[in-house]
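Reader: I should be grateful for a close look at how the interior of this protein is put together. Please begin with the question of disulfides and proceed from there to whatever bears on the buried parts.

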Amino acid sequence: MFDQEATGDYATLCDELRCHTTDWLEERRGWLVREQRRMHVEELAVLRVLDERGRVDDSMAESDGTSVRDVRRKRATARNLERQPHVAGAAARGELSEEQLARVSDLVDPDDPASDERWAHDGPQWSPGDLAAELRRKRKPSVEDAAARRAARAFRYWWRSETEGMLALGGDIPDIDGALVESVFDEMIEQMRPAKGQPWDAREHRAADALVELCRRYRDDRSDEPTSGYRAHFVVHVPTHGPATVAGVPLPDEMVERLRAEARIEPVLATEDGQPIVVGRTESALSEKTKRVVKQRDGSCRYPGCDRRIGLQVHHLWPRSWGGSDDLWNLATVCTTHHAQLAPQGPLLLLGNPHNPAGLSLIDRDELPKLAAAQARAGPAAA
C-alpha cells in the first residue's frame, strides 16, 4: 500500500514505484485495471437504483465532467445489466473494459436466453471497434434512418487563428456519399507516386494535395460533366441475414436498389458470419477485386490493438514464399507500420481466421511448436 500523502504527489508516487520490479509493476497494473472495471460495475448498479428513484438525468454530465451522451450510455447499460447476469458477472471479474461492456450489453438479445452467456464468453475477445461494427450489422436501418444521416451531413472550413495561413476542415458525410468520397481520395492518393529514387510523401500530405487538385479541376473546368472521369465503384456485401453494407455502413434495401443506376455495383454474397464467397480463379498476383473485398471486409488494420483505417495494405497471413495462397482466408489488411513487423520480413506472424473479428492472434515465428499447432488447426479449414 502507498502512503496517502505520497500518492497525492505524482512525481513522488512515480519515484516510489521505480523501486519495484517490472514483474511487480505489471501485476499491480493488472490488478488496478480489474479493480477499476469492478468498480465501474458497482457504479452502474448504484446508477440503476438512482434511476429507479428518478435521480438520473442529463444534468449529471456537468457534475461528472463528462458528456450527456456518456450519462445516457451508462444509464442504458445499467438497465440492461439487470437482465444480463452472465455479462454483468464477466464485467465484475474484470474481463470486459468499459467500452466493451457498453457494446456487449446492447448486443445481448433479450429474446434469446443463450445470448447473455454467449456474449459474456465471446465479448472479451472482441475489440470495441469490432463490437460496434457488429451492432451496426445487426441493426438494419430504415429509409428514415438514411434520411436522418443525410440531414446530419456537414462540412465546415475556417482559417485557424492560432496558425497563420492554414485553412482547417471538418465535418461528417453520410453512408454512400462518404463511401464515394473515400474511394475517390483513396484512388487519387495512391496515384501520387514520387519521382524515381525519391521517398513517398506522407499519406496525409497526399490527401491534402488530392483535395486541392479536385478544387483546381473544378475551377479550370466549369462544365456540367464530371471533370475527373471517375465513376464510383462500390463493393456491396450482401449477407444471408441482415442489411447490405458499403464500407461497413448498413444500408436500407431501397438505397442499394437506387445505387444500381448511379454506380458500378460489385455484390459480394456473405455467410452469416460475414465470410465473403470468392468468385473467379485465384491468380498469383492479387487482383484489384480481391484487395477491394479484403479491405471492405476488414475496414481497419487487423494487427491486435491497432484500428488505423488509412494507409492499409493487404497482407498474406501465411507468406506466399512459404506456400501461402491468395485465398481470402489467408489475407488481412494491416497498416504500413505493422506490416513491416510481420513475416516474412518481420519476426511475427498474424494467424487465425480473418473472417472472425476476434480470430487473429500474433505468434513469434521462432515459436515452432505454436506454429505447427496453428498450421494443424488451419489445415482442415483451408482445405
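Author: A search of the whole structure, which is a predicted model, finds zero disulfides. Cys-335 has as its nearest cysteine sulfur that of Cys-301, at 3.8 Å, and is in no disulfide; the limit applied to a pair of cysteine sulfur atoms is 2.5 Å, so this pair does not qualify. The surroundings of the cysteines are not alike. Cys-335 counts as buried because its relative accessibility is 0%, under the limit of 20%. Cys-19, by contrast, has a relative accessible area of 67% and is therefore exposed, the threshold being over 50%.

Cys-335 belongs to strand 8, which runs over residues 331–335. Five of the five residues of this strand are buried, so the rest of the structure largely encloses strand 8. The side chains of the strand go two ways: Leu-331, Thr-333 and Cys-335 point to one side, Ala-332 and Val-334 to the other, and all are buried. Strand 7, residues 312–316, pairs with strand 8 in the antiparallel sense over five bridges. Within that pairing, Ala-332 of strand 8 is the bridge partner of His-315.

Strand 1 offers a contrast to this enclosed strand. Among the six residues of strand 1 (residues 154–159) the count of buried residues is zero, and the strand is hardly covered. Strand 1 nevertheless has a partner: it pairs with strand 2, residues 167–172, in the antiparallel sense over six bridges. One of the residue pairs here joins Trp-159 to Leu-167, its bridge partner in strand 2.

The helical interior comes next. In soluble globular proteins, nonpolar side chains tend to be buried together. The largest nonpolar core of this model has 18 residues, and those touching the most other members are Leu-81, Val-87, Leu-96, Leu-101, Val-104, Trp-119 and Leu-131. At least two residues of this core come from each of helix 3 (22–52), helix 5 (68–81), helix 6 (85–92), helix 7 (98–107), helix 8 (115–122) and helix 9 (128–138). Helix 6 contributes the most, with four residues. Another core, of twelve residues, lies apart from the largest one; Val-334, Cys-335, Leu-342 and Leu-360 are among its members. Val-334 and Cys-335 thus bring the account back to strand 8, whose residues are all buried, because five of five fall under the limit of 20%.

Within the largest core, helix 7 deserves attention. The buried residues of helix 7 are Gln-100, Leu-101, Ala-102, Val-104, Ser-105 and Leu-107. Their cover includes helix 3, helix 5, helix 6, helix 8 and helix 9. Leu-101 shows this in detail: residues up to four places away in sequence set aside, it touches His-40, Leu-44, Thr-77, Leu-81, Val-87, Ala-91 and Leu-96.

Helix 8 can be followed through two of its residues. Ala-120 is found in this helix and counts as buried because its relative accessibility is 10%, under the 20% limit. Beyond its neighbours within four places in sequence, Ala-120 is in contact with His-86, Val-87, Ala-90 and Glu-95. Val-87 also appears in the list of residues touched by Leu-101. The C-alpha atoms of Ala-120 and Leu-101 are separated by 9.4 Å, the two residues being 19 apart along the chain. Ser-115 lies in helix 8 too. At a relative accessible area of 0%, Ser-115 is buried. With its neighbours within four places left aside, Ser-115 is in contact with Leu-107, Val-108 and Asp-109; of these, Leu-107 is one of the buried residues of helix 7.

The whole protein sets these parts in context. Its secondary structure comprises 16 helices and ten strands, and 32% of its 383 residues count as buried. Of the contacts with a separation of 6 or more, 55% join residues 24 or more positions apart.

A word on confidence is in order. The mean pLDDT of the protein is 80, with 76% of the residues at 70 or more. Helix 6 has the highest mean pLDDT among the elements, 96, and helix 1 (residues 4–7) the lowest, 48. The pLDDT is below 50 over residues 223–232, a stretch with eleven contacts in the model beyond near neighbours in sequence. It is also below 50 over residues 278–284, where six such contacts occur. Where pLDDT is low, the predicted coordinates should not be read in detail.

How values were computed. Residues are numbered from 1 along each chain as its sequence is written. Side-chain values use heavy atoms; hydrogens and water are left out. A nonpolar core is a set of buried Ala, Val, Leu, Ile, Met, Phe, Trp, Tyr and Cys residues joined through side-chain atoms within 4.5 Å. Buried means under 20% relative accessible area, exposed over 50%, partly exposed in between (1.4 Å probe, protein chains only). Contact means heavy atoms within 4.5 Å. Two strands pair if DSSP finds at least two bridges between them. pLDDT is the predictor's confidence in each residue, from 0 to 100.
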